[in-house]
Amino acid sequence: MSENEPTEHPANATVSAGEPRFLTQDDLSVDTHQVVAPDGSYDADEVPDLDDEQFQDLYRWMLTDRVFSKRMVNIQRRGELGTFGSTRGQEASIIGSAYTLQPDDWLYVGRAWTPMFMRGVPMKDMIMFWRGIEEGQQSFAEHNCQIAISIGSHLPLVAGLAWGMDLSGDDAIATAYLGDGATSTGAAHEAINFAGALEVPALFYCQNNQYAISLSAEEQTGANTLAQKALAYGMDAIRVDGQDVLAVYEAVNEARKRVRNGEPVFVESVTYRMDAHTTSDDPTRYRSDEEVDAWEDADPLERYREFLRAEGLWDDIDHDAIEAEIDAEFDAALEEANAFEERGVEEIFAHVYAELPPDLQRQSEEFSDLLERRPELYDYIEQRPKG
Ligand SMILES: Cc1ncc(C[n+]2csc(CCOP(=O)(O)OP(=O)(O)O)c2C)c(N)n1
Ligand SMILES: [Mg+2]
């Protein structure tokens, strides 16, 4: 046998002799899919097949996402919300992907709120969710969607949901949005492995927004890209420019078709979180102004506006009027959320079990007794976080 010449192995793998050859990161070259370049140029033949109304729709939803984040941060600053995680900078990544999903698809999100509105969830319920009020989540569930706050916890659920959908022959998929940080959780490995091994209709949409709170993506992993992680689990992957809404739409639309055919897919969307992780975070402590300015230049709405102008669609879009409509929708939603009735503190025992297990039943009774005996304790209980 000559050196390094591959021969057929009885186990059906090729073997090689001579110097041991290691697989390296460099064996893999991962491209980033793009339709519209940062300078706004594009090849007209490569534009995804959407009609004018859909192109305009994408803009409206991206603007909705931006306005919603701005308003939520503002009301938090006024003391009307506990905390909030802004999505400014990630609008193309969020909208381009969610636009491909169908109402029966299950959607479990990380940092992405507008996809819920796209499915019919009222803004009021999202405000309530961020105030810690459970009722908000009831309407999420009615629209086949939920938010995972515990990082990565939703990934095995989505793999399981997809398995169930497959077994019952549903014409739909299960989708998980996750962050760069979530790819380091044990749950991500279990879920992606499970989905890859069982070929369930699960789509993993990873928004690499360069940070997991203060930990940069480079510090997060030794892998060159997040997309390549999926390959180890036998799952196909694509990396896409998350500032380019058309590229995201196209990549995820193709991914969804594959997933529907029982080929799970992992998508890495390369984007940036322009604001703080949440309103409780101070990003100036871990990233430079130069870096933020560079990404400000990669604004996804601006890039998409260049495209719309070139296509002659911008003249039909009244940006100011759309923004005013979204603001009015937010005002109405806030008013409704503010009108929500004050909660009973006993409710900490509600919502998880249809029938309270004996232990919790006992605690619930003790708690009620205590409050009856010492009503002054109410002074120390902060009810729902209106402020
Ligand atoms: C299991 C768990 N550990 C820690 C946290 C605290 N935490 C909240 S968000 C976050 C970082 C998430 O980063 P990433 O997955 O990149 O999502 P992003 O917030 O950037 O969208 C952490 C550690 C949590 N919510 N859940
Ligand atoms: Mg992140």
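In this predicted model, a good place to start is where two helices meet: Ala92, Ser93, Ile95, Gly96 and Ser97 of helix 2 are in contact with Val245, Leu246, Val248, Tyr249 and Val252 of helix 9. Sorted by class, that contact holds 7 nonpolar residues, 3 polar ones and no charged ones. Around this pair, the chain as a whole comes to 13 helices and 10 strands. From here, let's look at the helix pair, the sheet, one buried threonine and the overall dimensions.

**The helix 2 and helix 9 pair**

- Two packed helices are described by the angle between their axes and the distance between the axes.
- For helix 2 (residues 91-98) and helix 9 (residues 245-260), the axes come within 8 Å and cross at roughly 35°.
- The crossing of helix 2 past helix 9 is right-handed.

**The sheet**

- Strands of a sheet pair through backbone hydrogen bonds, either parallel or antiparallel.
- Here, 6 strands form an open sheet in the order 4-3-5-6-10-9, and the pairing is parallel.
- Strand 4 and strand 9 (236-241) are the edge strands, each of them pairing on one side only.
- From one strand to the next, the twist averages 15°.
- Helix 6 (residues 154-167) lies across strand 3, strand 5 and strand 6 (202-208), and helix 6 runs at about 165° to strand 5.

**A closer look at strand 3**

- Strand 3 (residues 106-109) sends Trp106 and Tyr108 one way and Leu107 and Val109 the other way, and all of these residues are buried.
- With strand 5 (residues 174-179), strand 3 pairs in the parallel sense over 3 bridges.
- With strand 4 (residues 145-147), strand 3 also pairs in the parallel sense, over 3 bridges.
- Tyrosine 108 is a handy residue to select when you inspect these pairings: tyrosine 108 stands opposite alanine 176 in strand 5 and opposite glutamine 146 in strand 4.

**Threonine 114 and its surroundings**

- Threonine 114 is part of helix 3 (residues 114-118).
- Because 26 other C-beta atoms lie within 10 Å of threonine 114, this residue counts as buried; the cut-off for that label is 20 or more.
- Setting aside neighbours within four places in sequence, threonine 114 is in contact with Trp61, Thr64, Asp65, Phe68, Ile94 and Ile95.
- One of these partners is Ile95, which also takes part in the meeting of helix 2 with helix 9.
- Threonine 114 and isoleucine 94 sit 20 residues apart in sequence, while their C-alpha atoms are 7.7 Å apart in space.

**Overall dimensions and contacts**

- How does the radius of gyration of the chain sit beside that of a compact globule, and what are the values? The chain has 24 Å, and a compact globule with 387 residues would have a value near 21 Å, so the two agree.
- The C-alpha trace spans about 90 × 60 × 45 Å along the principal axes of the chain.
- Of the 387 residues in the chain, 38% count as buried.
- Among contacts between residues at least 6 apart in sequence, 74% join residues at least 24 apart.

Key:
Residues are numbered from 1 along each chain as its sequence is written. Chains are lettered from A and ligands numbered from 1 in the order in which they are written. This is a predicted model: local features need pLDDT of at least 70, side-chain atom pairs count only at pLDDT 80 or more; totals for chains, interfaces and linings use all residues. Axes are lines fitted to C-alpha atoms, for helices over the stretch in contact, and angles run from 0 to 180 degrees between N-to-C directions. Helices (H or I, at least four residues) and strands (E, at least two) are DSSP runs, numbered from the N terminus. A crossing is left-handed if the near helix is turned anticlockwise from the far one by less than a right angle, and right-handed if clockwise. Two residues are in contact if their C-beta atoms, placed from the backbone, lie within 7 Å. Ala, Val, Leu, Ile, Met, Phe, Trp, Tyr, Cys and Pro count as nonpolar, Asp, Glu, Lys and Arg as charged, and the others, Gly among them, as polar. A residue is buried if 20 or more other C-beta atoms lie within 10 Å of its own, exposed if 12 or fewer, and partly exposed in between; C-beta atoms are placed from the backbone. Two strands pair if DSSP finds at least two bridges between them. The radius of gyration is taken over C-alpha atoms; the globule rule is 2.2 Å times the number of residues to the power 0.38.
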